[in-house]
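Trainee: I have a new structure open and would like to learn how to read it. Where do we begin?

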Amino acid sequence: MTGERRVVVGARGEHLQHALVLVAERELDEQHPRQVGRAGVDRAEVHLRVLELLAQTAQKSEDWARSLTLAQQILREDPFREDVHCHLMRAHAAQGNRVAVKEQYETLSALLLRELGVEPGQETQRVYRESVK
């Protein structure tokens, strides 16, 4: 029964995600019909924000698989989001997967060093330390 419930919740979550994106796009069209895609509001930003909210909601409800999937979608679009890397580390830690926590942190560290010449921020380092305990 639990497996069946997860399938239903997962399907609802996917429908919710799609609905939120459509609503956000509609509101953008109504508020800024000529600005979307130009100097105004960017649909991609709205889409990422919706994904972020859904990932946070999934994490709060301990739906780790969905939380991970949504966060990974965000990073495909914007790999420099330290907050999302932290989100992934927390989700992996909650599942007891310290190896994945370490890999996530190392991926971020390598990206930041290679592209920007910097280390992860203090908050990210704190999340990492707490996640591998």
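**Reading the helix packing**

Mentor: Begin with one pair of helices: α3 and α4 cross in a left-handed manner. Keep in mind that this is a predicted model.

Trainee: Which residues make the contact of α3 and α4?

Mentor: From α3 come W64, S67, L68, A71, Q72, I74 and L75. From α4 come V84, H85, H87, L88, A91, H92 and A94. By class, that contact has nine nonpolar residues, five polar ones and no charged ones.

Trainee: How do I describe two packed helices in general?

Mentor: Give the angle between their axes and the distance between the axes. Now the case here. The angle between α3 and α4 is about 155°, and their axes lie 9 Å apart.

Trainee: Why are α3 and α4 called roughly antiparallel?

Mentor: Look at the angle. An angle over 145 degrees counts as roughly antiparallel, so α3 and α4 are roughly antiparallel to each other.

Trainee: Let me try another pair. At what angle do the axes of α5 and α6 cross?

Mentor: Roughly 160°. Helix α5 covers residues 98–116, helix α6 covers residues 122–131, and their axes come within 10 Å. That angle makes α5 roughly antiparallel to α6. The crossing of α5 past α6 is left-handed.

Trainee: Which residues of α5 and α6 make the contact?

Mentor: On α5 they are R98, V101, K102, Y105 and L108. On α6 they are T124, Q125, Y128 and S131. This contact of α5 with α6 has four nonpolar, three polar and two charged residues.

Trainee: Now step back. How many helices and strands are in the protein chain?

Mentor: Six helices and zero strands. Read from the N terminus, the order is α-α-α-α-α-α. The chain has 133 residues, and 35% of them are buried. Take contacts between residues at least 6 apart in sequence: 50% of these join residues at least 24 apart.

Trainee: Which residues touch the most other members in the largest nonpolar core?

Mentor: L51, L70, I74, V84 and L88 do, in a core of 15 residues. Helices α2, α3 and α4 each supply at least two residues of this core. Another core lies apart from it. That one has six residues, including C86, M89, V127 and Y128.

Trainee: Let me pick V84. Is V84 buried or exposed?

Mentor: V84 is buried, because its relative accessible area is 5%, and under 20% counts as buried. Its place is in helix α4. Set aside neighbours within four places in sequence, and V84 is in contact with A71, I74 and L75.

Trainee: How far apart are the C-alpha atoms of V84 and T124?

Mentor: They are separated by 9.8 Å. Along the chain, V84 and T124 are 40 residues apart.

Trainee: Last topic: backbone angles. What sign of phi do most residues other than glycine have?

Mentor: Most have a negative phi. Now see E62. Its phi is near 60°, a positive value in a residue other than glycine.

Trainee: Where does E62 sit?

Mentor: In the loop between α2 (43–60) and α3 (64–77).

Trainee: Is E62 buried or exposed?

Mentor: Exposed: E62 has a relative accessible area of 52%, and over 50% counts as exposed. Set it beside V84, which is buried at 5%.

Definitions and conventions:
Residues numbered from 1 in each chain as written. Predicted model: local features only at pLDDT ≥ 70, side-chain atom pairs only at ≥ 80, totals over all residues. Heavy atoms only, no water. Axes fitted to C-alpha atoms, helices over the stretch in contact; angles between N-to-C directions. Helix = DSSP H or I, 4+ residues; strand = E, 2+ residues; numbered from the N terminus. Parallel < 35°, antiparallel > 145°, perpendicular 65-115°, else oblique. Left-handed = near helix turned anticlockwise from the far one by under 90°. Contact = heavy atoms within 4.5 Å. Nonpolar A, V, L, I, M, F, W, Y, C, P; charged D, E, K, R; others polar. Buried < 20%, exposed > 50% of the residue type's maximum accessible area, 1.4 Å probe, protein only. Core = buried A, V, L, I, M, F, W, Y, C linked by side-chain atoms within 4.5 Å.
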